[in-house]
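Work through the following exercises with the coordinates open beside you, and check each step of a solution before passing to the next.

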Amino acid sequence: MTLETCIGGMAAVGAGHTITFCTVPSEAFAPDPSSAPWWRRGVVYQIYPRSFADGNGDGTGDIAGIRSKLGYLRDLGVDAIWINPWYLSPLDDGGYDVADYRQIEPRYGTTDEAEALITEAHEHGIKVIADVVPNHTSYQHTWFQEALQAPLGDPARDRYHFRPGKGENGSEPPSDWTSVFGGPAWSRVDTMTDVEAAADGVAEWYLHLFAPQQPDLNWENPEVVEEFEAVLRFWLDRGIDGFRVDVAHGLVKDMDYPDLGLATDALLTSASFDGHPFWDRDDIHPIVRRWRNLLDEYDGERMMVAEAWVRPERLPLYLRPDEYHQSFNFDFLEAAWKADDFRTIMEKATTAAAEVGSTPTWVLSNHDVMREATRYGLPDGTDWRSWPATGPANLLDAELGLRRARAAALLLLGLPGSAYLYQGEELGLPEVWDLPVEVLDDPVWEQSGHTLKGRDGCRVPLPWSRSGASYGFGENEGWLPQPQVFGELSASSQTGIGQSTLELFRKALHLRREFGTSDETVELLDAGDDVLAYRRGSGLICVVNFGDEAVELPDHTRVLVHSQSDALAEAPISSSLPPNTAVWLQ
Ligand code: BGC
């Protein structure tokens with residue numbers, strides 16, 4: 001199956017620049033956009049339940065809070081919400097450590113409330129995507145607790161990866177694998193239990209690619225395979241529209257556990273290679289195909305989106321027509337504020353998705369990375385993962401960061417495919433980079449030996465009103481402290497304020513429905529080195545100025561929306577675009 005790439009048309013854009021390429025889905029897959037399923041073009045709003053809205057005043061966000069904001073989400077113009085794990089969990093990794101996949105964490109509510117949320121969201125015209133975490137469970141999961149108590153050789157242990165250690169008395173881990181969060185990927189069983197699980201005095205270890213509280217499941221065990229299918233059915237039967245699959249490039253491991261000779265030191269790394277012992281192994285795909293068959297049995301347009309950090313050339317494998325519907329494209333998260341970098345990413349992602357009949361998914365931010373309003377205000381090359389260890393306050397230009405973040409939002413929302421927004425992105429929230437170390441909760445902080453700041457700074461409770469104990473998050477203070485600036489950035493402070501970030505998002509999302517979804521084509525326009533410009537088949541032109549100087553705009557009849565209040569007058573139509581600004585034209 002080949003991508004149909006068309007060169008040329010040679011339409012003039014700006015001063016003497018021409019179209020360089022246009023990308024359309026290959027004919028084999030080209031859908032009729034008017035009847036294409038919602039996820040091909042949907043805007044999905046990510047909810048981190050702990051920090052979205054607190055309905056009962058205990059300082060932790062909950063389902064009641066989410067239900068109370070469905071009107072806000074409908075008015076914002078999103079098509080779906082994706083809710084980070086809401087299952088029973090000790091929250092050692094913010095819920096990515098699940099103790100029971102069929103039960104809602106009591107701090108968030110009940111299964112009945114989850115069902116009510118799904119029904120009400122549907123009444124608001126909003127789909128609901130759940131997060132499924134198949135690579136590992138919590139150490140509190142009944143299976144792991146059973147395994148810890150079970151004698152060596154017992155089938156209960158085979159659901160996880162237990163192995164005797166190396167060296168004298170097994171005192172060394174079974175292999176040199178390191179955890180994504182830092183430190184060894186193996187922990188001794190006797191650190192978790194009083195039970196002496198050792199054979200002939202050789203210590204036993206278990207594998208955890210993330211925190212020690214997150215033991216990895218053994219996907220070669222049929223019971224594991226069956227259990228997850230039952231879990232998917234459990235939520236599909238309750239009306240869930242889709243799943244975001246956590247660590248979709250993990251799951252299957254080389255059961256010989258060969259030494260790797262290198263550290264897995266990035267939070268989530270795509271630096272795999274053929275035959276890697278635990279990332280992106282070929283045996284993942286039969287599992288995914290079974291899930292896809294299962295979803296296809298259900299009515300409605302149910303979908304799966306993969307969190308797969310793999311090499312670009314491997315990504316299409318996950319997107320084959322009988323596998324995932326979509327996979328996140330994370331490249332924008334890592335990109336410097338450079339037109340060329342964004343252009344290359346757009347081109348690669350669009351091509352890769354079109355090759356297999358999927359559509360790209362665009363992401364600027366999520367619960368694992370520094371918020372973009374801060375990221376874009378830092379000098380290129382700043383290691384934002386290491387805060388607060390290096391304390392870069394004086395390097396930060398917050399105003400510039402927000403300006404660029406608003407421009408990036410228009411860049412993202414104008415593109416074909418689906419866009420994933422992270423809660424608070426629509427408010428232009430900054431990263432809370434100076435949280436006191438005593439409140440840090442992310443396991444990354446401890447496991448990295450206090451060298452990485454962790455991800456708490458993008459998980460601070462949302463501000464809904466200008467004042468109050470937690471700026472409207474709940475009746476009382478939230479689980480992480482909010483900075484004062486959250487008052488003026490709150491949803492109610494921005495509502496109805498013409499050029500606020502919230503109103504910019506609302507306008508863009510509504511225009512996107514009108515202009516952006518009737519086709520899946522995008523033409524990349526060559527409009528100068530520091531400028532990224534593209535045109536949709538529907539006539540929408542998006543121009544983003546990444547440079548330091550104003551640039552000339554292409555011919556147009558109307559400015560639909562622009563990213564700065566002071567940048568362009570709506571009428572008369574301006575002919576130039578200031579630095580770090582984006583515009584949609586018709
Ligand atoms: C999630 C992280 C989580 C990790 C382990 C990632 O994909 O996005 O928040 O810590 O998986 O489950």
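**Exercise 1.** Determine how far a polar side-chain atom of Asp-246 lies from an oxygen atom of the ligand, bearing in mind that the model is predicted.

*Solution.* Begin with Asp-246, where a polar side-chain atom is found 2.6 Å from a ligand oxygen atom. Turn next to His-367, whose side chain places an N or O atom 2.9 Å from an oxygen atom of the ligand, and then to Asp-368, for which the corresponding distance is 2.5 Å. Finally, place these contacts in their setting: the ligand is surrounded by 14 residues, and the closest are Asp-93, Asp-246, Glu-307, His-367 and Asp-368.

**Exercise 2.** Identify the strands that pair with β8, and explain why strand β8 is largely enclosed.

*Solution.* On one side of the bookkeeping, strand β5 (residues 80-83) pairs with β8 in the parallel sense through 4 bridges, and Ala-80 has Lys-127 of β8 as its bridge partner. Strand β13 (residues 242-245) also pairs with β8 in the parallel sense over 4 bridges, with Val-132 standing opposite Val-245 of β13. As for the enclosure, buried means under 20% relative accessible area; 5 of the 6 residues of β8 (residues 127-132) are buried, so the rest of the structure largely encloses this strand.

**Exercise 3.** Find which residues touch the most other members of the largest nonpolar core.

*Solution.* Among the 149 residues of this core, Tyr-45 and Trp-86 touch the most other members. The core takes at least three residues from each of domain 1 (9-25 + 517-585) and domain 2 (142-207). Apart from it lies another core of 17 residues, including Phe-181, Leu-209, Val-247 and Val-444.

Key:
Residues numbered from 1 in each chain as written. Predicted model: local features only at pLDDT ≥ 70, side-chain atom pairs only at ≥ 80, totals over all residues. Heavy atoms only, no water. Buried < 20%, exposed > 50% of the residue type's maximum accessible area, 1.4 Å probe, protein only. Helix = DSSP H or I, 4+ residues; strand = E, 2+ residues; numbered from the N terminus. Pairing = 2+ DSSP bridges. Core = buried A, V, L, I, M, F, W, Y, C linked by side-chain atoms within 4.5 Å. Domains from an automatic or database assignment. Near = heavy atom within 4 Å. Polar contact = N/O pair within 3.5 Å; in protein donor to acceptor, adjacent residues only side chain to side chain.
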